[in-house]
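The following exercises concern a single protein model. Each task is followed by a solution that proceeds step by step.

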Amino acid sequence: QVQLVESGGGLVQAGDSLRLSCAASGRTSTIYEMGWLRQAPGKEREFVASIFWSRGRTSYSDSVKGRFTISRDNAKNTVYLEMNSLKPEDTAVFYCAAKEGIIGPYKYWGQGTQVTVSS
């Protein structure tokens, strides 16, 4: 089992920056990929960014490319999401997730952290 705990959410103004953290514990040696997903009120959960745990290869949704940066610290078993130039449409609950293989859905999820961007 892998446990994920997010932190760093909050209320900011449009144009501000925010950094989310996700600390992994448990059987972290099984993690292949970690990602951030978000869910806005009344909308489906959507992919934001992901990173391969060992190689560090990253992927982003078009809506955040160029504004958000995902990174990881393997020594701390922590993944980060640096969010710049935040927009009101970025308002959502952000979830950290992990998967153990190259295919298949995310298996482990954090509890989510609220990010609210005011205009």
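**Exercise 1.** How many disulfides does a search of the whole structure find?

*Solution.* The model is predicted, and local features require pLDDT of at least 70, side-chain atom pairs count only at pLDDT 80 or more, and totals for chains, interfaces and linings use all residues. Residues are numbered from 1 along each chain as its sequence is written, and side-chain values use heavy atoms, with hydrogens and water left out.

Step 1. A disulfide is a pair of cysteine sulfur atoms within 2.5 Å. The search of the whole structure yields one disulfide.

Step 2. The bond is formed by Cys22 and Cys96, whose sulfur atoms are 2.0 Å apart.

Step 3. The S-S torsion of Cys22 and Cys96 is about -80°, and the disulfide is therefore left-handed. Cys22 belongs to strand E3 (residues 18-26) and Cys96 to strand E9 (residues 92-99), so the pair ties together parts that are 74 residues apart in sequence. Strands here are DSSP runs (E, at least two residues), numbered from the N terminus.

Step 4. Both Cys22 and Cys96 are buried, where buried means under 20% relative accessible area, exposed over 50%, and partly exposed in between (1.4 Å probe, protein chains only).

**Exercise 2.** Determine the strand order of the open sheet of four strands, and identify its edges.

*Solution.* Step 1. Two strands pair if DSSP finds at least two bridges between them. With antiparallel pairing, the open sheet has the order E1-E3-E8-E7.

Step 2. Strand E1 (2-7) and strand E7 (68-73) each pair on one side only and are the edge strands.

Step 3. From one strand to the next, the twist averages 15°; axes are lines fitted to C-alpha atoms, and angles run from 0 to 180 degrees between N-to-C directions.

Step 4. E7 is joined to strand E8 (residues 78-83) by six bridges, and the two run antiparallel. Among the bridge partners, Thr69 is matched with Glu82 in E8, and Ser71 with Tyr80.

**Exercise 3.** Which residue in the hairpin of E7 and E8 takes a positive phi? Examine also the backbone of Ser85.

*Solution.* Step 1. The hairpin has four residues between the strands, and Asn77 takes a positive phi near 50° there. Asn77 is not a glycine, and its place is the loop between E7 and E8.

Step 2. Asn77 has 22% relative accessibility and so counts as partly exposed.

Step 3. Ser85, likewise not a glycine, has a positive phi of about 50°. Ser85 is located in the loop between E8 and E9, and its relative accessibility of 41% makes it partly exposed.

**Exercise 4.** Describe the surroundings of Trp109.

*Solution.* Step 1. Trp109 is part of strand E10 (residues 108-109). With a relative accessible area of 33%, Trp109 is partly exposed.

Step 2. Leaving aside neighbours within four places in sequence, Trp109 is in contact (heavy atoms within 4.5 Å) with Leu4, Leu37, Arg45, Tyr95, Cys96 and Ala97. Cys96 in this list is also the disulfide partner of Cys22.

Step 3. The C-alpha atoms of Trp109 and Glu6 are separated by 9.6 Å, while the two residues are 103 residues apart along the chain.

Step 4. A polar atom of the Trp109 side chain lies 3.4 Å from the backbone oxygen of Tyr106.

Methods. Polar contact = N/O pair within 3.5 Å; in protein donor to acceptor, adjacent residues only side chain to side chain.
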